[in-house]
Amino acid sequence: MARNRRNVLKSLALGLFTAVLVTLIAMLLLAAALVYLRFSDRLLTVLNQLIKLASIVLGVCAAVPRGGERGLATGVLLSLLYTVLGYAFYLALGGGSFAVGNMLGEMMLGAAAGAVTGAVRANLHPRARARSAGA
């Protein structure tokens, strides 16, 4: 039982690390693009949301292997951790306006994306192992 919990925590940590890393790289690229290109505030908001969704999807893909177990729960938990962590850092770094409704909306959207991604990953057939050349 303890080994199973340890494996779940390891997969969650790997998924969260992947999601955060994807976010940081994408935000760095977006900031570099902003130096040279002019984006409207609306486009910037849309790109920010797409980066969050892509980060959640890739994080869940890292946490839930093909044919894995508990994909739905892992996807939801990972996305909620990612969202709460993101808001906590936003506020800690002096983020301005904070609306509970916006946060809950983002949590619900992220949870839906994480749940769907986790469920799909868990229900895919595991990849067949490569057969030896002689067989």
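These notebook entries record what I looked up in the structure, which is a predicted model.

**Entry 1. Nonpolar core.**
I began with the largest nonpolar core and found nine residues in it: Leu-12, Ala-19, Ile-56, Val-60, Ala-63, Val-64, Leu-78, Tyr-82 and Ala-122. Helix 1 (2–36), helix 2 (41–63) and helix 3 are the elements that each contribute two or more residues to this core. Helix 2 provides the largest share, namely three residues.

**Entry 2. Surroundings of Val-60.**
I then took Val-60, one of the core residues, and listed its contacts, setting aside neighbours within four places in sequence. Val-60 touches Gly-75, Leu-78, Gly-114, Thr-117 and Gly-118. Of these partners, Leu-78 is itself listed in the core, while Gly-114, Thr-117 and Gly-118 are among the buried residues of helix 4.

**Entry 3. Helix 4.**
I checked the geometry of helix 4, which runs over 100–123. With 24 residues at 1.5 Å a residue, helix 4 should span 34 Å, and its end C-alpha atoms are 34 Å apart, so the two values agree. I next noted which of its residues are buried: Met-103, Glu-106, Met-107, Gly-110, Ala-111, Ala-113, Gly-114, Ala-115, Thr-117, Gly-118, Arg-121 and Ala-122. These buried residues pack against helix 2 and helix 3.

**Entry 4. Salt bridges.**
How many salt bridges does a search of the whole structure find? I recorded two. One pairs Glu-106 with Lys-52, and the closest N and O atoms are 2.7 Å apart. Because Glu-106 lies in helix 4 and Lys-52 in helix 2, this pair ties together parts that are 54 residues apart in sequence. I noted that Glu-106 is buried, whereas Lys-52 is partly exposed, at a relative accessible area of 21%; the cut-off for buried is under 20%.

The other joins Glu-69 to Arg-70, with the closest N and O atoms 3.8 Å apart. Glu-69 is exposed, with a relative accessible area of 64%. Arg-70 has 48% relative accessibility and therefore counts as partly exposed, since exposed requires over 50%.

**Entry 5. Nonpolar surface patch.**
Last, I looked at the surface. Tyr-90, Leu-91, Phe-98, Val-100 and Leu-104 make up a nonpolar patch there, with about 440 Å² of accessible area together. Which helices each supply at least two residues of this patch? I found helix 3 (71–92) and helix 4 (100–123). Leu-104 sits in helix 4 and is partly exposed, its relative accessible area being 45%.

Definitions and conventions: Residues numbered from 1 in each chain as written. Predicted model: local features only at pLDDT ≥ 70, side-chain atom pairs only at ≥ 80, totals over all residues. Heavy atoms only, no water. Patch = residues over 30% accessible without salt bridge, like charges linked within 9 Å, V, L, I, M, F, W, Y side chains within 5 Å. Areas by Shrake-Rupley, 256 points an atom, 1.4 Å probe, with all protein chains shown as cover. Salt bridge = Lys/Arg side-chain N within 4 Å of Asp/Glu carboxyl O. Helix = DSSP H or I, 4+ residues; strand = E, 2+ residues; numbered from the N terminus. Buried < 20%, exposed > 50% of the residue type's maximum accessible area, 1.4 Å probe, protein only. Core = buried A, V, L, I, M, F, W, Y, C linked by side-chain atoms within 4.5 Å. Contact = heavy atoms within 4.5 Å. Expected span 1.5 Å × (residues − 1).
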